[in-house]
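I opened the notebook today to look up a few helices and to check for enclosed empty space, taking the entries in the order in which I looked.

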Amino acid sequence: MHLVIPFAALLSDAGPLQGASVLRSLAWPVLSRQLAGLPQPQRDAGDEWSLTPPHERALAAALGWQGSDGLWPFAAAQALADGVSGAKDAQFGLVTPVHWHLGTEQISMGDPEALLLDQTASRETLAAVRELFTSEGFALHYGAPWRWYLEHPSLARLPSASLDRVIGRNVDRWLESAREMRLLRRLQNEVQMLLYEHPINRRREAQGLLAINSFWLSGTGATQPASAAMPRLDTRLRHAALANDEAAWAKAWAVIDGELSEIAWQRLTLCGERSSLTWDRGAASSSWWKSTTARWRSVDVASLLATL
């Protein structure tokens with residue numbers, strides 16, 4: 001089993017490593033013991049400005065996909081899981097209804113789950129904006145309250161930033177200025193104008209709920225089959241990391257470390273916002289003496305995570 005743990009390290013929005021003191025104060029007794037004796041991990045190096053975060057790159061590699069930054073077909077895979085059917089050789093993008101916070105100097109995107117969308121509200125909102133997309137030649141499908149799917153051949157070659165890159169951050173940095181993105185930006189503006197005074201949002205505001213005032217496109221890339229099983233993804237660090245809640249993140253890590261002794265992983269990938277490290281138990285040294293003595297060496301997990 002391949003276990004992938006996203007947000008194993010904290011990094012602010014293009015800033016210095018957050019939680020350095022938290023890292024130094026934490027202990028990973030189980031993880032440190034499991035990594036001792038294993039060969040050096042494989043590193044997937046990157047930076048925090050890539051459209052695709054390290055955990056999504058790790059998943060794409062494990063599934064045997066071919067692609068590039070911002071062009072991994074997660075939308076197509078999820079559409080299949082949601083039972084969405086399109087035309088033959090359909091190309092998909094994931095459309096997530098979101099709330100954009102309008103600040104004095106920037107626009108940031110909140111966590112979509114904070115919208116507390118149910119199926120009725122999501123379908124009503126989709127119906128309200130559908131014509132904006134269909135008039136441009138796109139098909140728009142419903143999959144789940146937070147998952148709509150855009151279908152068009154151009155989505156196979158249109159890079160898009162992962163939601164995990166944008167939540168809580170300035171959206172402008174993640175909207176490419178390329179010609180292919182101009183239509184997307186125009187559609188976002190039109191959706192904002194349509195929903196600004198729409199009865200849907202008037203009702204939501206009266207109920208104390210956030211307005212649905214935009215959308216985010218992600219998961220684009222050429223549709224292709226997976227050549228292997230999907231790794232097991234542990235997302236318990238995600239919410240705390242995206243909220244920059246170091247205390248909650250540290251608490252979640254302690255729980256995960258305690259449970260690792262019960263997980264028979266063969267491959268383990270720890271992901272930060274820049275890079276990832278992957279250990280393979282199958283690649284352990286065949287030398288009994290080397291592997292036995294190596295188990296007595298301590299592994300500085302905090303230093304490893306600081307490199308991610």
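Working from a predicted model, I began with helix α5, where I listed A121, S122, T125, L126, V129, L132 and F133 as buried. I noted that many such positions could be read against the helical repeat: an α-helix has 3.6 residues a turn, so residues three or four places apart point the same way.

Next I checked the length of α5, residues 119-134: at 1.5 Å a residue its 16 residues should span 22 Å, and the end C-alpha atoms lie 21 Å apart, which agrees. I also looked along the axis and found that α5 bends by about 40 degrees at A128.

I then searched the whole structure for cavities of 30 Å³ or more and found 1, with a volume of about 40 Å³. Its lining consists of T125, V129, F133, W148, V191, L195, I212, S214 and F215, and the elements that contribute two or more residues to it are α5, α7 (179-196) and β8 (214-218). I recorded that α5 gives the largest share of this lining, 3 residues, and that the lining residues divide into 7 nonpolar and 2 polar, with no charged ones.

Last I turned to helix α4, residues 74-81, where F74, A75, A76 and A79 are the buried residues. I looked up what covers them and found that the cover includes α3 (54-62), β3 (92-98), β7 (147-151) and β8. After α4 comes G83, for which I noted a positive phi, near 75 degrees.

Technical notes:
Residues are numbered from 1 along each chain as its sequence is written. This is a predicted model: local features need pLDDT of at least 70, side-chain atom pairs count only at pLDDT 80 or more; totals for chains, interfaces and linings use all residues. Side-chain values use heavy atoms; hydrogens and water are left out. Helices (H or I, at least four residues) and strands (E, at least two) are DSSP runs, numbered from the N terminus. The expected span of a helix is 1.5 Å times one less than its number of residues. The bend at a residue is the angle between axes fitted to the seven residues ending there and the seven starting there. Buried means under 20% relative accessible area, exposed over 50%, partly exposed in between (1.4 Å probe, protein chains only). On a 1 Å grid over the protein atoms alone, a cavity is a set of points where a 1.4 Å probe fits but cannot get out, and a pocket is an open set with protein on both sides within 12 Å along at least five of seven lines; lining residues have an atom within 4 Å of a point. Grid points are joined across faces, edges and corners, and a volume is the space filled by probe spheres set on the points. Ala, Val, Leu, Ile, Met, Phe, Trp, Tyr, Cys and Pro count as nonpolar, Asp, Glu, Lys and Arg as charged, and the others, Gly among them, as polar. Contact means heavy atoms within 4.5 Å.
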